[in-house]
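Visitor: I am new to this structure and should like to learn how to read it. May we go through it feature by feature?

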Amino acid sequence: MLNVRTDEIRRLLLGTFVRPVTETGTGQPRVEAVYGYLVRHDHGLVLFDTGLGLGDGETEDWYRPRRIALTDALTTVGVALHEINVVVNCHLHFDHCGGNPMLAGRPVVCQRRELAAAEQGNYTMEHLIDYPGSTYDLLDGEAEISPGIHVIPTPGHVDGHQSVVVECEDGSVVLAGQSHDTASAWSADALAASAKTLGHTEPLPLAPVWMERLLAFDPKRVVLAHDAAVWEPNTTGLHLSSAACPDVARRPDCETGA
Ligand SMILES: [Zn+2]
């Protein structure tokens, strides 16, 4: 366990891009944010994802990215680039490892199969994975890279996708990357994985096999790479913040709505 609280894990907004209509399935393009997460522990700072790298002309035209410099994003949480000790990428697409070359010399933790896929081409930007000082800590499956920091394979978006579980003083946080596009999609799979425990019988939806592994950490919070929404578990008597339900005492509809 780390000597940090869950709310000490910091989110960094690293930019936005527009996912084209052909990728959304909704009939409209979608503006998506790109988030990284910073975890401070006894031995230094771990950065989970580093933002949008410079794409080639085709990629730039396709996703129309707007970047926030990693150094500027880190400044908002009082951290300098040189203080980062370890980088973990959920995967190596250009919108997740864009700042890696700025952190040359620092080990990049990823799945061996993910780097192999990236090196085969037509996958990411080569200059983001092969740069002066690039060094990798390659994993073949699950690993506890530091006491209380677990890397868990979560294939789906890509075969080599991975998530991180941080065991804090007051509970665990899952940095799920792009295991799911949205917190709602995570929520649906979490319920699917728990359906039999809840007493439901077949037919039931299938959840990724690794959901049970992540849920075994009893996460207090799950955060994602492209969604600002945060998943929190089912709890009886959940205390909603005033921001979620303002003036609840004077608005009985707020207590009874679906
Ligand atoms: Zn992405």
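Visitor: Let us begin with a pair of residues. Which residue in S12 does Val173 stand opposite?

Guide: Val173 stands opposite Arg221 in S12. The pair belongs to the contact between S11 and S12, two strands that run parallel and are joined by four bridges. Please bear in mind throughout that this is a predicted model.

Visitor: How much confidence does the prediction carry, and where is pLDDT under 50?

Guide: The mean pLDDT of the protein chain is 92, and 91% of its residues reach 70 or more. Over residues 242–257, however, pLDDT stays under 50. The model has four contacts beyond four places in sequence for that stretch. Where pLDDT is low, the predicted coordinates should not be read in detail.

Visitor: To which sheet do S11 and S12 belong, and what is the order of its strands?

Guide: A sheet is read by following its strands from one edge to the other. Here five strands form an open sheet in the order S8-S9-S10-S11-S12, and the pairing is mixed. Strand S8 (143–146) and strand S12 (219–223) are at the edges; each has a single partner strand, so one side of each is left without a neighbour in the sheet. On average, neighbouring strands of this sheet are turned by 25° against each other, direction ignored.

Visitor: How are S8 and S9 joined, and which residue in the turn has a positive phi?

Guide: S8 and S9 form a hairpin with two residues between them. Gly148, in the turn, has a positive phi of about 90°. The two strands run antiparallel and are joined by three bridges. Glu144 stands opposite His150 in S9.

Visitor: What continues the sheet beyond S9, and how many bridges join S9 to S10?

Guide: Strand S9 (residues 149–153) is joined by five bridges to strand S10 (residues 162–168), and the two run antiparallel. One position to look at is Ile152, whose bridge partner in S10 is Ser163. As for burial, four of the five residues of S9 are buried, so S9 is largely enclosed by the rest of the structure.

Visitor: How does S10 pass on to S11, and through how many residues does the hairpin run?

Guide: The hairpin joins S10 to S11 through two residues. Five bridges connect these strands, which run antiparallel. Cys168 has Gly171 in S11 as its bridge partner. In strand S11 (residues 171–175), four of the five residues are buried, so S11 too is largely enclosed by the rest of the structure.

Visitor: Is Cys168 buried or exposed?

Guide: To judge this, one counts the C-beta atoms around the residue. Cys168, found in strand S10, has 21 C-beta neighbours inside 10 Å and therefore counts as buried; the cut-off is 20 or more. Leaving aside neighbours within four places in sequence, Cys168 is in contact with Leu2, Val4, Arg5, Thr6 and Val173. Leu214 lies 46 residues from Cys168 along the chain, and their C-alpha atoms are separated by 15 Å.

Visitor: Turning to helices, which residues of H6 are buried?

Guide: In H6 the buried residues are Trp186, Asp189, Ala190 and Ala193. They cover an arc of only 105° around the axis, which puts them on the same side of H6. These buried residues pack against helix H7 (211–215) and S12. The length of H6 can be checked as well: at 1.5 Å a residue, the 12 residues of helix H6 (residues 183–194) should span 16 Å, and its end C-alpha atoms are 16 Å apart, which agrees.

Visitor: What is the order of the strands in the sheet of seven?

Guide: That open sheet has the order S4-S1-S2-S3-S5-S6-S7, with mixed pairing. Strand S4 (66–67) and strand S7 (136–139) stand at its edges, each with a single partner strand, so one side of each is left without a neighbour in the sheet. Within it, strand S2 (residues 30–41) and strand S3 (residues 44–48) run antiparallel, joined by five bridges. Tyr37 stands opposite Phe48 in S3.

Visitor: Which helix lies across S6 and S7?

Guide: Helix H4 (residues 112–119) lies across strand S6 (108–111) and S7. H4 runs at about 90° to S6.

Key
Residues are numbered from 1 along each chain as its sequence is written. This is a predicted model: local features need pLDDT of at least 70, side-chain atom pairs count only at pLDDT 80 or more; totals for chains, interfaces and linings use all residues. Two strands pair if DSSP finds at least two bridges between them. Axes are lines fitted to C-alpha atoms, for helices over the stretch in contact, and angles run from 0 to 180 degrees between N-to-C directions. The expected span of a helix is 1.5 Å times one less than its number of residues. A residue is buried if 20 or more other C-beta atoms lie within 10 Å of its own, exposed if 12 or fewer, and partly exposed in between; C-beta atoms are placed from the backbone. The arc is that of the directions from the helix axis to the C-beta atoms. Two residues are in contact if their C-beta atoms, placed from the backbone, lie within 7 Å. pLDDT is the predictor's confidence in each residue, from 0 to 100.
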